[in-house]
Amino acid sequence: MLKTQLTAFILLGCVLSSGCAINPVTGEKQLMLVSEDWELQVGRQYSPEVEKQLGGRIENWQLQNYINSVGQRIAAVSHLPDLEFHYTALNHESVNAMALPGGYVFITRGMLEKLTSEAQLAGVLAHETAHVTARHAAAAVSSQMGIDLVLSAAGRKTSGGAMDIARLGSGLIGLHYSREQEMQADTYGLDYMVKAGYSPYAMIETIEMLQRQNEMRPIEFFSSHPDPANRKTSITSILEHMSTNVYLPNLNTGEAEYDKFVLANLVD
Ligand SMILES: [Zn+2]
């Protein structure tokens, strides 16, 4: 079958079946060449590969439980409270966080060492959670990685299936989201923070930290994200609007908890 015919076939399938999805965050219809099951499958199959590439899990159950519990507070107030999210700290020096479709969120030791409060951690996890709930990777994969790859990875169980997932996974690590998607992740991330009881101003502190640190080129927060100065401007304007609706000073920052469960556990 020619590629154009194939494309038409998929688009037709989209109209007739699950290809046109309602975005859980925006409520808008969008073209989705991949299903939610596909997202779960990719997340589940590729998360061990991401862990391996980024130094493996930090072997400290207290730290992992804490990271996961903060993440679960965010997930519970997100647009997909019933999705099973997994929040994992990885033993890599880059200042980085990333999410795989289907609810797999990772944060590196390098990032954890630079943060100073639970609210800052919640902000990073909330931003990544919003990429998942808004199905940004699935949308980006649909448009960037080409129909052939999506088809082969999502399709029948062929002998090349495992390899396709691996190819797809390495594509996901360097995936670039659009400026609009990043803005959406910040906007909904701030919303999740407040709903989970965290001060959203911690997100500004994190952006300022990112501005200060320049020795590494992280996969997510620098190379694929808008310039921190621009992000700070847009986050500040979102917060100004938000502060008229929410009494922000009541919200939690959690320096002592972060110190006890993260920083103290990272000291060798
Ligand atoms: Zn992002």
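1. Helix α3 (residues 61-76) and helix α5 cross at roughly 50° in this predicted model, and their axes come within 9 Å. The two helices are therefore oblique to each other. In handedness, the crossing by which α3 passes α5 is right-handed. The α3 side of the contact is formed by Val70, Gly71, Ile74 and Ala75. These residues meet Glu118, Leu121, Ala122, Leu125, Ala126 and Thr129 in α5.

2. Helix α5 also packs against helix α9 (residues 179-195), at an angle of about 125° and with the axes 8 Å apart. The helices α5 and α9 are therefore oblique to each other, and α5 passes α9 in a right-handed crossing. From α5, the residues involved are Ala122, Gly123, Ala126, His127, Thr129, Ala130 and His131. Their counterparts in α9 are Gln184, Ala185, Asp186, Tyr188, Gly189, Tyr192 and Met193. As general background, a pair of packed helices is described by the angle between the axes and the distance between them.

3. Helix α5 itself has 16 residues. From its first C-alpha to its last it reaches 22 Å, close to the 22 Å expected at 1.5 Å a residue. Of its 16 residues, 16 are buried, so α5 is largely enclosed by the rest of the structure.

4. How many residues does the largest nonpolar core have? It has 57, and those with the most contacts inside it are Ile74, Phe106, Ile107, Ala122, Leu125 and Met193. Helix α5 (residues 118-133) supplies the largest share of this core, eight residues. Among the residues named for the core, Ile74 belongs to the α3 side of the contact with α5, where Ala122 and Leu125 are on the α5 side. Met193, in turn, is one of the α9 residues that meet α5. In soluble globular proteins, nonpolar side chains tend to be buried together.

5. Phe106, listed among the core residues with the most contacts, merits a separate remark. Leaving aside its neighbours within four places in sequence, Phe106 is in contact with Val50, Leu54, Thr88, Leu90, Ala97 and Met98.

6. His127 lies in helix α5. Is this residue buried or exposed? His127 is buried, because 28 other C-beta atoms lie within 10 Å, where 20 or more suffice. When residues up to four places away in sequence are not counted, His127 touches Ala185, Asp186 and Gly189. These three residues are in α9 and are among those that meet α5. His127 and Met183 are 56 residues apart in sequence, and their C-alpha atoms are 9.6 Å apart in space.

7. Beyond the end of α5, attention may be drawn to Arg135. This residue follows α5 and is placed in the loop between α5 and α6 (136-144). Its phi is near 55°, a positive value in a residue other than glycine. Most residues other than glycine have a negative phi. Arg135 counts as buried because it has 26 C-beta neighbours inside 10 Å.

8. Finally, some figures for the whole chain. Its secondary structure comes to 12 helices and five strands. The protein chain has 268 residues, of which 41% are buried. Of the contacts in the chain with a separation of 6 or more, 72% are between residues 24 or more positions apart.

Notes. Residues are numbered from 1 along each chain as its sequence is written. This is a predicted model: local features need pLDDT of at least 70, side-chain atom pairs count only at pLDDT 80 or more; totals for chains, interfaces and linings use all residues. A nonpolar core is a set of buried Ala, Val, Leu, Ile, Met, Phe, Trp, Tyr and Cys residues joined through C-beta atoms within 7 Å. A residue is buried if 20 or more other C-beta atoms lie within 10 Å of its own, exposed if 12 or fewer, and partly exposed in between; C-beta atoms are placed from the backbone. Helices (H or I, at least four residues) and strands (E, at least two) are DSSP runs, numbered from the N terminus. Two residues are in contact if their C-beta atoms, placed from the backbone, lie within 7 Å. The expected span of a helix is 1.5 Å times one less than its number of residues. Axes are lines fitted to C-alpha atoms, for helices over the stretch in contact, and angles run from 0 to 180 degrees between N-to-C directions. Angles under 35 degrees count as roughly parallel, over 145 as roughly antiparallel, 65 to 115 as roughly perpendicular and the rest as oblique. A crossing is left-handed if the near helix is turned anticlockwise from the far one by less than a right angle, and right-handed if clockwise.
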